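Here is a friendly walk through one protein chain, meant to be read with the structure open beside you. Take your time and turn the view as you go.

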Amino acid sequence: MEIRAGTCADISALALLFDAYRQFYGQPSDVAGAADFLSLRLKHQQSTILVAQTSTCLIGFTQLYPSFSSTRMAPIFILNDLFVAPDARKQGVAAALLRAAADFARAQGALRLTLSTAHDNLAAQALYE
């Protein structure tokens, strides 16, 4: 498995994962909308998407949104999304994505990486702790 920055070339496969992520949170399926949303984030450099990839496909992603601390005059990142395909879970993919996100934030000089998840998503809460 490789963790790397997602690119516009990944949009088709990434949109399927993002759509599954949204469905996990109760949203209706909209693969075309997911592709458009992600394409715009990348095109306008409004987020950084890290992907987990095997030799054959994408199996997970995390999306980081930049923000800033005004008082400290420094960047921070918001880890807004993290998802691993169901058949790739329990293999360390989520932990690898989280480590890569932290490494990316540090490399950008960020003060912190902020994240949250649904109150009933106990698996994610355990990972984030």
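## Starting from one bridge

Let's begin with a single pair: Thr62 has Leu82 as its bridge partner in β4. Please keep in mind that everything here comes from a predicted model. The strands around this pair are β3, which covers residues 58-69, and β4, which covers residues 74-84; they are antiparallel and share 10 bridges. Further along, Pro66 is matched in β4 by Phe77.

Together β3 and β4 make a hairpin, with four residues between the two strands. In that turn you can find Met73, whose phi is positive at about 50°.

## The chain and its sheet

Stepping back, the protein chain has four helices and five strands. Following the sequence, you meet them in the pattern β-α-α-β-β-β-α-β-α. The five strands build an open sheet with mixed pairing, in the order β1-β2-β3-β4-β5. At its edges are β1 (2-5) and β5 (113-115), each of which pairs on one side only. On average, neighbouring strands in this sheet are turned by 30° against each other, direction ignored.

While β3 and β4 are antiparallel, β4 and β5 run parallel and are joined by three bridges. One residue to look for here is Leu79, whose bridge partner in β5 is Leu115. How much of β4 is buried? Eight of the 11 residues in β4 are buried, so this strand is mostly covered. For the protein chain as a whole, buried residues account for 38% of the 129 residues. Of the contacts in the protein chain with a separation of 6 or more, 54% link residues 24 or more positions apart.

## Two helices across the strands

Now turn to the helices. Helix α1 (residues 11-24) lies across β2 (48-53), β3 and β4, and runs at about 75° to β3. Helix α2 (residues 31-43) lies across β2 and β3, at about 50° to β3.

How do α1 and α2 meet? Their axes come within 8 Å and cross at roughly 115°, and the crossing is right-handed. On the α1 side the residues involved are Ile11, Leu14, Ala15, Leu16, Phe18 and Asp19, while α2 brings Val31, Ala34, Ala35, Phe37, Leu38, Ser39 and Leu42. Sorted by type, the residues of this contact are 11 nonpolar, one polar and one charged.

## A closer look at Leu64

Leu64 is a good residue to centre your view on. Leu64 is part of strand β3. Is Leu64 buried or exposed? Its relative accessible area is 0%, so Leu64 counts as buried.

What surrounds this side of the strand? Leaving aside neighbours within four places in sequence, Leu64 is in contact with Ser47, Thr48, Leu50, Phe77, Ile78, Leu79, Ala101, Phe104 and Leu113. One of these partners, Leu50, is 14 residues away from Leu64 in sequence, and their C-alpha atoms are 8.2 Å apart.

## Aromatic pairs

A pair of aromatic rings is described by how far apart the centres are and by the angle of the planes. The count of aromatic pairs comes to nine. In one of them, Tyr21 with Tyr25, the ring centres are 5.3 Å apart and the planes are at 65°; the pair is edge-to-face because that angle is over 60 degrees. Tyr21 counts as buried because its relative accessibility is 11%, whereas Tyr25, at a relative accessible area of 34%, is partly exposed.

Phe77 and Phe104 form another pair, with ring centres 5.3 Å apart and planes at 70°, so this pair is edge-to-face too. Why does this pair tie together parts that are apart in sequence? Phe77 belongs to strand β4 and Phe104 to helix α3 (residues 93-107), so the pair links parts 27 residues apart in sequence. With 7% relative accessibility, Phe77 counts as buried.

Finally, ring pairs join Phe18, Tyr21, Phe24, Tyr25, Phe37, Phe61 and Phe83 into a cluster. Two of the residues in this cluster, Phe18 and Phe37, also take part in the contact of α1 with α2.

Note on methods. Residues are numbered from 1 along each chain as its sequence is written. This is a predicted model: local features need pLDDT of at least 70, side-chain atom pairs count only at pLDDT 80 or more; totals for chains, interfaces and linings use all residues. Side-chain values use heavy atoms; hydrogens and water are left out. Two strands pair if DSSP finds at least two bridges between them. Axes are lines fitted to C-alpha atoms, for helices over the stretch in contact, and angles run from 0 to 180 degrees between N-to-C directions. Contact means heavy atoms within 4.5 Å. Buried means under 20% relative accessible area, exposed over 50%, partly exposed in between (1.4 Å probe, protein chains only). A crossing is left-handed if the near helix is turned anticlockwise from the far one by less than a right angle, and right-handed if clockwise. Ala, Val, Leu, Ile, Met, Phe, Trp, Tyr, Cys and Pro count as nonpolar, Asp, Glu, Lys and Arg as charged, and the others, Gly among them, as polar. Rings of Phe, Tyr and Trp (its six-membered ring) pair if their centres lie within 6.5 Å; planes under 30 degrees apart count as stacked, over 60 as edge-to-face and the rest as tilted.
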